[in-house]
Amino acid sequence: MSSSLFAPPRFSDLAAAAAGEKPLTWRQRRARFRQIWGLARRHGLLPFRKLDFSYDPATADLRARQARGLREALEEAGGGFIKAGQLLSTRDDILPAEWVRELSRLQKEVNPAPAAQIEELLERELGERRGRFATFDVEPLAAASIAQVHRATLDDGTVVAVKVQRPGIRALLDCDIDIMLRLAGWATRRIKQARQFGALDIAKQYAQDLRNQADFAREASNLESLAQSARSARDEVRIPRFFPDLSTDRVLTMEFIDGETITALRREGQTDEIEDALRTVLRSFLRQLVIDGVFHADLHPGNVIIDPDGTSTLIDFGSVGRLDRDLRQTVQDLAIAFLQGDTRRVADAALAIMPLANPADEPGFRRALAEFVTHDLGSGSRITLRTIDNASDLFTRYGSALPADLVAAGRAFAILEGTLRTAAPTMDVIGESRDAAQALILSQLRPRALAGAIGRSALGAFPRLRRLPDRIETIVGDLADGKLTVKIRLFADDRDRRVVTGVIRRVSTVILGGMLTVASFVMFVLPPFEGGSLSPVAAGVALAIGAAASFVTAAVDALLGRRP
Ligand SMILES: Nc1ncnc2c1ncn2[C@@H]1O[C@H](COP(=O)(O)OP(=O)(O)O)[C@@H](O)[C@H]1O
Ligand SMILES: [Mg+2]
């Protein structure tokens, strides 16, 4: 094995030498720690407290020099260190530019693992099923620090991409994570800046990310959830077909996608096709986020393949985020309010899931939020990691933390925004998102979809009832007074609006004893309420709703002029 700068993790050879994936012995761990320590010293990273994380222009050269040392050390260390450096390279919010720039140069490709080791791993993982590959290219298409991807064919001629974990990588990762956590703990104790940006917490978060990257069972289930959602939405963006029989938690076999990643296309200077393709990716991402709540959280340019027809396919499902039903509802409410330019309702929706520590602060919070929406999210502005952190700070300042899943969603959006910004620099991402979100929400809430959704939402309203305070009466009262039509402003198309308004009015008068049913309908239209517990009345309502749901669906169907 060559010992060039880009040599693969030498230690993984050692790890792989042990049959299977035994944890490293104490001796091996100590040797790895010494190796890392040696690298740090050789590349001028010691002592840690001399590292400069300041924003002082006078010391920019020093930072650039130290950052290069770090990049080289990480590349030489390989294993989890390269991947951790890549994850860090997106954090321009916590690291000065010189560090970020150098980290983003981290070598993505490393030398592939020896063919014999890959073969051994395939046989160990797949057993007899190894024979189902009619051909298998030992030379990988791509080799990164955790996995490498090979092209293969099946008996029937299907071309597949087989993503294989580097032999021994898990044992090595465990050891590396342990070392990283120690180093971060150490730095946190000794360096003020490291303490300020919460180095240890960040390291812990990345440790989890790294473990997830090496769990292909998880990646496979992510792939399947996204594929399922793309299928049912007839998405323009594709997800590769998955072959569960030829996959394990270290091997992932999927359809081979013809075409090139955005990274490769940009290298070749083909940027025209990219823009249209990327627009579909943005739309698809927003649909995943707002409607399905399962979204690809790592849409950097290497994870989108565009084929010669201009169809985009998402690959690499190591990092997929989820938003539960309530959060999704909030995101929808936020989006609707945002689309209508109604900062008051943006604040209402935000407050519904994130009550302030001190209710007396509410006016100040509303002002700060309105300012954030206008400045950070105004048309032409860019959503960067900093935007997400500004939002996060805003809530922290008022003593209320943004739910972690929501922050993760924001980050995922920021990563995609980064891809769009570099690959389609003229695209107005916020403008496009606004249009896409509007189209999405409208298409989801069109009367036809609504009719079905009412049934579903009535059944799905159960958990929400727990949080429904004794306001049912008010709501039903509002409905009767026609105040509820405000909620219908969303429907831009007059015809839609009329139909829906009509439906609501008629449903509310036609259905005898319809209060209960209407309440469930209303809950679909209104944002959820905070507080309140399940009163006996509400419990009764809950029981009645299930039965009433099918009745409403039938009623709406009838009102829309269709026979159920
Ligand atoms: N289904 C596929 N079809 C064609 N090429 C693929 C496929 N999956 C992965 N690749 C190639 O392999 C590279 C690495 O795969 P990826 O899943 O992104 O691994 P990693 O987690 O190491 O980033 C991709 O950038 C792409 O070039
Ligand atoms: Mg990738």
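Select strand β2, residues 142–143, together with β3, and you will find the two running antiparallel and joined by two bridges, in a model that is predicted. Within this pairing, A143 has Q148 of β3 as its bridge partner. The connection from β2 to β3 is a hairpin, made through three residues.

Next, keep β3 selected and add strand β1, residues 133–136, which runs antiparallel to β3 and is joined to it by three bridges. To locate the pairing in the viewer, pick T135 of β1, whose bridge partner in β3 is T153. T153 is also a useful marker for the step that follows, since this residue stands opposite V159 in β4.

Now extend the selection to β4. Strand β3, which covers residues 147–154, and β4 are antiparallel, with seven bridges between them. Besides the pair of T153 and V159, look for V149, which stands opposite K163 in β4. The hairpin of β3 and β4 has four residues between the strands, and in this hairpin G157 adopts a positive phi near 90 degrees.

Stay with β4 and ask how much of the strand, residues 159–165, is buried. Five of its seven residues are, so β4 is largely enclosed by the rest of the structure. On the pairing with β5, select residues 251–255: five bridges join this strand to β4, again in an antiparallel arrangement. Here V160 stands opposite E255 in β5.

From the strands, move to ligand 1 and display the residues around it. Which residues come nearest to ligand 1? Of the 19 residues around it, these are A142, A144, V149, A161 and D316. Strands β3, β4 and β5 each contribute at least two residues to the shell, and V149, already met opposite K163, is among the nearest residues. By class, the shell is made up of 12 nonpolar, four polar and three charged residues.

Colouring by domain adds to this picture. Domain 2, given as 114–165 + 215–230 + 240–256, and domain 3, given as 259–445, both supply residues to the shell, so ligand 1 lies between the two domains.

Then follow the chain past β5 to I257, which sits in the loop between β5 and β6 (260–261). Is I257 buried or exposed? With 21 other C-beta atoms within 10 Å, I257 is buried, because 20 or more such atoms is the cut-off for that label. Add I305 to the selection and compare the two backbones: the residues are 48 apart along the chain, yet their C-alpha atoms are separated by 7.4 Å.

Finally, select helix α9, residues 199–213, and check its length. Its 15 residues, at 1.5 Å a residue, should span 21 Å, and the C-alpha atoms at its ends are 21 Å apart, which agrees with that expectation. The buried residues in α9 are A199, A203, Y206, A207, L210 and Q213. If you turn the view to look down the helix axis, these buried residues fall within an arc of 120 degrees, so they line one face of α9. On the other side of the helix, you will find D201 and Q208, both of which are exposed.

Definitions and conventions. Residues are numbered from 1 along each chain as its sequence is written. Chains are lettered from A and ligands numbered from 1 in the order in which they are written. This is a predicted model: local features need pLDDT of at least 70, side-chain atom pairs count only at pLDDT 80 or more; totals for chains, interfaces and linings use all residues. A residue is buried if 20 or more other C-beta atoms lie within 10 Å of its own, exposed if 12 or fewer, and partly exposed in between; C-beta atoms are placed from the backbone. Two strands pair if DSSP finds at least two bridges between them. A residue is near a molecule or strand if its C-beta atom, placed from the backbone, lies within 6 Å of it. Ala, Val, Leu, Ile, Met, Phe, Trp, Tyr, Cys and Pro count as nonpolar, Asp, Glu, Lys and Arg as charged, and the others, Gly among them, as polar. Domain bounds come from an automatic or database domain assignment. The expected span of a helix is 1.5 Å times one less than its number of residues. The arc is that of the directions from the helix axis to the C-beta atoms.
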